[in-house]
Amino acid sequence: KLQVAYSRQRLLSGCEILHDDSATISNFCPCQSDDRLEFSLLIRSEEEAEMMKLIQDGNSEHFSIATPELKANKEIAMASVRQNGSLLRFCSEHLKEDRE
């Protein structure tokens with residue numbers, strides 16, 4: 001048992017991060033019963049989890065004073081900018097060049 005807080009977990013199917021509202025397990029079930037279904041569990045740092053919680057609670061303005069590592073985290077940056085487009089100016093240069 002890992003005993004990792006839910007807020008620190010990210011589940012991936014291939015390269016796709018699965019979100020609570022994005023899909024159910026049945027969307028990823030293979031057609032053949034003998035095919036394997038593989039997922040990966042990534043664990044966020046406590047700092048990443050805290051920032052995501054702030055953003056989810058509507059406090060995306062905290063992104064403006066985040067560490068450079070958090071400003072370079074695509075998931076955190078995208079969540080912040082979705083709430084407040086003006087926060088794009090605080091994203092890392094690498095993410096500013098990303099057209100997504």
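These are my notebook entries on one predicted model.

**Entry 1: the overall layout**

I started with the whole chain, which has 100 residues, and buried ones make up 27% of them. Next I looked up the secondary structure and found four helices and three strands. Reading along the sequence, I wrote down the pattern β-β-β-α-α-α-α. For the accessible surface of the chain I noted about 7,400 Å², with 50% of that belonging to carbon and sulfur atoms.

I also checked contacts with a separation of 6 or more: 47% of these are between residues 24 or more positions apart.

**Entry 2: the sheet**

In what order do the strands sit in the sheet? I got β2-β1-β3, in an open sheet of three strands with antiparallel pairing. Why is one side of β2 and of β3 left without a neighbour in the sheet? Both stand at the edges and each has a single partner strand, so there is nothing from the sheet on the other side. From one strand to the next, the twist averages 40°.

Then I looked at one pair up close. Strand β1 covers residues 9–13, and three bridges join it to β2. My entry for β2 itself says residues 16–18. The two strands run antiparallel, and I found leucine 11 standing opposite leucine 18 of β2.

**Entry 3: a patch on the surface**

Leucine 11 came up again when I turned to the surface. Together with Leu41 and Ile43, Leu11 forms a nonpolar patch there. The accessible area of the three together is about 230 Å².

I picked isoleucine 43 for a closer look. Its place is in strand β3, which spans residues 40–43, and β3 is one of the edge strands from my last entry. Is isoleucine 43 buried, partly exposed or exposed? Its relative accessible area is 41%. Buried would need under 20% and exposed over 50%, so isoleucine 43 goes down as partly exposed.

**Entry 4: a serine in a helix**

Last, I moved over to the helices and looked up serine 80. This residue belongs to helix α3, residues 74–83. Why does serine 80 count as buried? Because its relative accessibility is 0%, and the cut-off for buried is under 20%.

Which residues does serine 80 touch, leaving out those up to four places away in sequence? My list for serine 80 reads Ile55, Ser60, Phe63 and Leu87.

Key: Residues are numbered from 1 along each chain as its sequence is written. This is a predicted model: local features need pLDDT of at least 70, side-chain atom pairs count only at pLDDT 80 or more; totals for chains, interfaces and linings use all residues. Side-chain values use heavy atoms; hydrogens and water are left out. Patches are made of residues with over 30% relative accessible area and no salt bridge: like charges are joined within 9 Å, nonpolar side chains (Val, Leu, Ile, Met, Phe, Trp, Tyr) within 5 Å. Accessible areas come from the Shrake-Rupley method with a 1.4 Å probe; for residues, only the protein chains shown count as cover. A salt bridge is a side-chain nitrogen of Lys or Arg within 4 Å of a carboxyl oxygen of Asp or Glu. Buried means under 20% relative accessible area, exposed over 50%, partly exposed in between (1.4 Å probe, protein chains only). Contact means heavy atoms within 4.5 Å. Two strands pair if DSSP finds at least two bridges between them. Axes are lines fitted to C-alpha atoms, for helices over the stretch in contact, and angles run from 0 to 180 degrees between N-to-C directions.
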